[in-house]
Amino acid sequence: MVHSHPVVADLCAVVGADGVLDDPDALHAYESDGFPIARGLPTAAVFPRTTDEVAACVRVLREHNMPIVPRGSGTGLTGGAVAYGQGVILSTARMTRIESIDIPNRVAVVQAGVLNAMLSEAVAATPGGEGLHFAPTPSSHKACTIGGNAATNAGGLNTLKYGVTCGHILGMELVTADGSILTTRADTLTEGIGPDLPALLCGSEGTLALITRLWCRLTPRPRHFRTLYAVFSASRDACQTVSDIIASGLVPASLEMMDGQMIRVVEEAFRYGFSPTAQALLLIEIDGVEQALDEQMDQIIDICQRRGAFDIRRCADPVQRAQLWSVRKRAFGAIGRISPGYC
């Protein structure tokens, strides 16, 4: 078989012919991530399954002087996984093994291509792990990879209280630009000794190294929630409500805002029943000790009312809560009805 570029044959020698894609038509699926305004057709896409294969691929691409673009699931919204200059996509999508789940020490070791939601599901299915989870939950958590979460330092709906991905990664295995393999802070006995390289690498978007394995912190899963949405006739009032809630000393697990235009787009797509006069909507969720949540929610409702919210609704059960959060999570899909790009 004649390949489009000599590098393809060398990559096939590392991962096998089924691990390399160089058909131009098929490569169109890899010309952008979730930000389709930024596009670039790669020379090829390679799909290693192990860290050793990643390192070998990096050495091959270095020999051919080819730009390397790491990619997880491609759900990012920044154009960070686009291969400009006919580079090669190096995808971790086939590196999907959850290697260990250590419940007593609250650590899970995963390959970079493990899906975010997959890890929490596996932890919950492990004896003794029912009350633990991997806290970062981007809106695309059912599709995005943990390696990609770390590379972009992804946040998610619970960032306000639980922080971004960096705070939940204990150690990493990495492949550097020369194809060397580096492990940092992976030994729990020496955790915290030496430079905090995981903190440096989280958010570096593949510019410093390629993440292949992660040691993930597992934290207690919240058991009790209160959720509501509040609708305002002015964005300024909703913004001031956010400031007032934080100033009161409350830290919601989630505090998300949608402006009037986004509310209308979502309403036209999914018919949630929002007022046509709504100019801003806050989605607010608190979690913690059951006995304290009602008082905290009453305090939040009072703040919303004082700032002019004209429609405030609590959700009364898990089904309603899931429907309420689907408003936020489905906003990206709703944009697809009116525009080919999201910016």
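R39 is partly exposed, at 45% relative accessible area. Its partner is E31, and the two side chains meet in a salt bridge, 2.7 Å from N to O. E31 is buried, with a relative accessible area of 14%. Keep in mind that this is a predicted model.

Next pair: R226 and D294. Their side chains also form a salt bridge, 2.7 Å from N to O. Where do R226 and D294 lie? R226 is in strand β12, residues 225-232, and D294 is in helix α10, residues 290-306, so the pair ties together parts that are 68 residues apart in sequence. Now the accessibility. R226 counts as buried, at 17%. D294 is partly exposed, at 39%.

Third pair: E285 and R321. Here the closest N and O atoms are 2.7 Å apart. Again the bridge links distant parts of the chain. E285 sits in strand β14, residues 280-287. R321 sits in helix α11, residues 318-329. The separation is 36 residues. Is E285 buried or exposed? Buried, at 3% relative accessibility. The cut-off for buried is under 20%. R321, at 26%, counts as partly exposed.

So much for single pairs. How many salt bridges are there by this rule? The count comes to 13. There is also a network. Which residues are in it? R97, E99, E173 and R213, linked by salt bridges.

Two of those network numbers bring us to the next topic, helix α4 and what surrounds it. Helix α4 runs over residues 116-124. Which of its residues are buried? N116, A117, L119, S120 and V123. Why do they line one face of the helix? Look down the axis of α4: the buried residues fall within an arc of 160°, so they line one face.

What covers that buried set? The cover includes strands β5 (98-102), β6 (107-111) and β7 (132-133). Helix α5 (146-152) is also part of the cover, and so is strand β10 (210-217).

To recap the pairs. E31 meets R39, R226 meets D294, and E285 meets R321. On the acid side, E31 is buried at 14% and E285 is buried at 3%, while D294 is partly exposed at 39%. On the arginine side, R226 is buried at 17%, whereas R39 is partly exposed at 45% and R321 is partly exposed at 26%.

Notes. Residues numbered from 1 in each chain as written. Predicted model: local features only at pLDDT ≥ 70, side-chain atom pairs only at ≥ 80, totals over all residues. Heavy atoms only, no water. Buried < 20%, exposed > 50% of the residue type's maximum accessible area, 1.4 Å probe, protein only. Helix = DSSP H or I, 4+ residues; strand = E, 2+ residues; numbered from the N terminus. Arc of directions from axis to C-beta. Contact = heavy atoms within 4.5 Å. Salt bridge = Lys/Arg side-chain N within 4 Å of Asp/Glu carboxyl O.
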